[in-house]
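Dear colleague,

I am handing over the structure below, and after it you will find some notes on what was found in it. Please read them beside the coordinates.

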Amino acid sequence: MVDPVHTPQTPSADDLPVAPVPGATLSRTAAQTLTEQLAERFASRIRDRLLAPGARLPSVRQCAQQHGLNPSTVVAAYDQLLARGLVEARRNRGFFVRERGPASAGSAAGKSPATAPGAAVPRMVAPVNAATLIRGMFHPSEGKPQPGAGVFPPEWLENSFMSAAVRKVSTHAALADASLRYGEPQGDGLLRRVLAARLQGMGLPADPAQIITTVGATHALDIVSRTLLKPGDAVMVEEPGWAVEFARLHALGMRVLPVPRGPAGPDLAVMERYCEAHAPKLFVSVSVLHNPTGYSLTPASAHRVLQLAQRHHFLVVEDDTYGHIAPEHATRMGVLDGLQRTIYVSGFAKILAPNWRVGYLVAPPDWTERLLDTKMLATLTTPSLLERAMAHCIEQGQLRRHAERIRHRLDLARSRSAKLAQAAGCRFVAEPAGLFGWVDTGTDTEALAQRLLDEGYLTAPGSLFYANRAPSTLMRINFATTQDAAFWRTFSRLAGAR
């Protein structure tokens, strides 16, 4: 009898050994930050081939525990390694040492010009970027508020009505129906009807047939971009603006045209020049409680933007993520033009249920089918059970009352945080409003952010909110998470040590 041929199997990524955590003690008094020190420890082992290609780095939590660091410091160190091309991130698996080609072999052996004898070794520091900020949301520092966070603290969002709504839609028959078959591709019918009534009350002429539910507002923005744009197309985006939006559009291959945002609205003269020179397809705007400045659009500015859109044939994507905490009757372009050239985007992650991931878009009728096709190609449908529960929260008035409580609490927090920020030497460059404050610190906030990370505070340096990532003394603060005097004492100490 012939023995069967044994074919060796290539181990999966999950079977690969985990690289040991660098064991040398990190110094809190060194010239380099803890983030830079940790990144360099791993980098030197990779260059010296002590960590083989394909080796898996320790998890963020494991590495943080080994060194007594905050998880956000480890996240930032791994981001530096990513930026230097030394590691790669694999979805749901972690960070792995990258395979290196011949071009990098000399570097690994210490033969590159940058590391030749007598040559200065450049400090390759990856700044806190959009990915770092997002990862920091999932690896929070234990027991410390995060001034750079883009969300309300979980304790602010606690309520009893969400669980009641889930129970209401989770009867045996309803649960079977929602679990054993796909939901409506356009979104739960009840939620779309409830949303249409709510939006009509705001003056937005939305029909349920014009509404498409999404996996959060960011997904809605992505659907719009993938439907209306192709790589190389020009898109106007307000600056300063949302870091993730710049990163997302760049990743899709779009040409980002930054439009300065002032108290009344975008710089219309700059928009006019862009229209004449680049024929942009879209303008992405946060009309109400703009991130990061807190500005809200004036009616006059909104009318002029819409006139430009009509004249130069571009569409306006209005991101109303913060509308739940806005003053009543705030100006929205979708209301003024009746959803003719405007696509309205919003969601509930900020105000109610971050992990439910319920968002939506409202589009002119002529665009709905194309946008729906893009959604179906990516996700087929969205979770109808949670959409139905959200519909009940809205229909019963619970979301409205919850938002009122949040607004009242935020007003008190904003007053306290603004006083602490000013006492620490910060100057508000925009009148405090909404969730975020836009402050001038008088020092380079990119470097300051690295130092604050070592103390367990994730901050949002001003360079994040500009398309070209230029150095900045500006910083975005979250009023809900900057009421802690201990943070501002740390901030003053590190800002004064520049």
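**The sheet and its helices**

Helix α15 (residues 365–379) lies across β3, β7 (315–319), β8 and β9, and runs at about 20° to β3. Please keep in mind throughout that this is a predicted model.

The strands that α15 crosses belong to an open sheet of 7 strands, ordered β3-β9-β8-β7-β6-β4-β5, in which the pairing is mixed. At the edges stand β3 (211–215) and β5 (255–260), each of which has a single partner strand, so that one side of each is left without a neighbour in the sheet. On average, and with direction ignored, neighbouring strands of this sheet are turned by 25° against each other.

Helix α9 (residues 189–201) also packs on the sheet, where it touches β3, β8 (342–347) and β9, and its direction makes about 110° with that of β3. As for the pairing of β3 itself, 5 bridges join it to strand β9 (residues 358–362), and the two run antiparallel; valine 215 stands opposite valine 358 in β9.

**A pair of helices**

Helix α12 (residues 268–278) packs against helix α13 (residues 299–312) at an angle of about 5°, with the axes 11 Å apart. Because angles under 35 degrees count as roughly parallel, α12 is described as roughly parallel to α13. On the α12 side the contact is made by Leu268, Met271, Glu272, Cys275 and Glu276, while α13 contributes Ser301, Arg304, Val305, Leu308, Arg311 and His312. The residues of this contact divide into 5 nonpolar, 2 polar and 4 charged.

With best regards

Note on methods
Residues are numbered from 1 along each chain as its sequence is written. This is a predicted model: local features need pLDDT of at least 70, side-chain atom pairs count only at pLDDT 80 or more; totals for chains, interfaces and linings use all residues. Side-chain values use heavy atoms; hydrogens and water are left out. Axes are lines fitted to C-alpha atoms, for helices over the stretch in contact, and angles run from 0 to 180 degrees between N-to-C directions. Helices (H or I, at least four residues) and strands (E, at least two) are DSSP runs, numbered from the N terminus. Angles under 35 degrees count as roughly parallel, over 145 as roughly antiparallel, 65 to 115 as roughly perpendicular and the rest as oblique. Contact means heavy atoms within 4.5 Å. Ala, Val, Leu, Ile, Met, Phe, Trp, Tyr, Cys and Pro count as nonpolar, Asp, Glu, Lys and Arg as charged, and the others, Gly among them, as polar. Two strands pair if DSSP finds at least two bridges between them.
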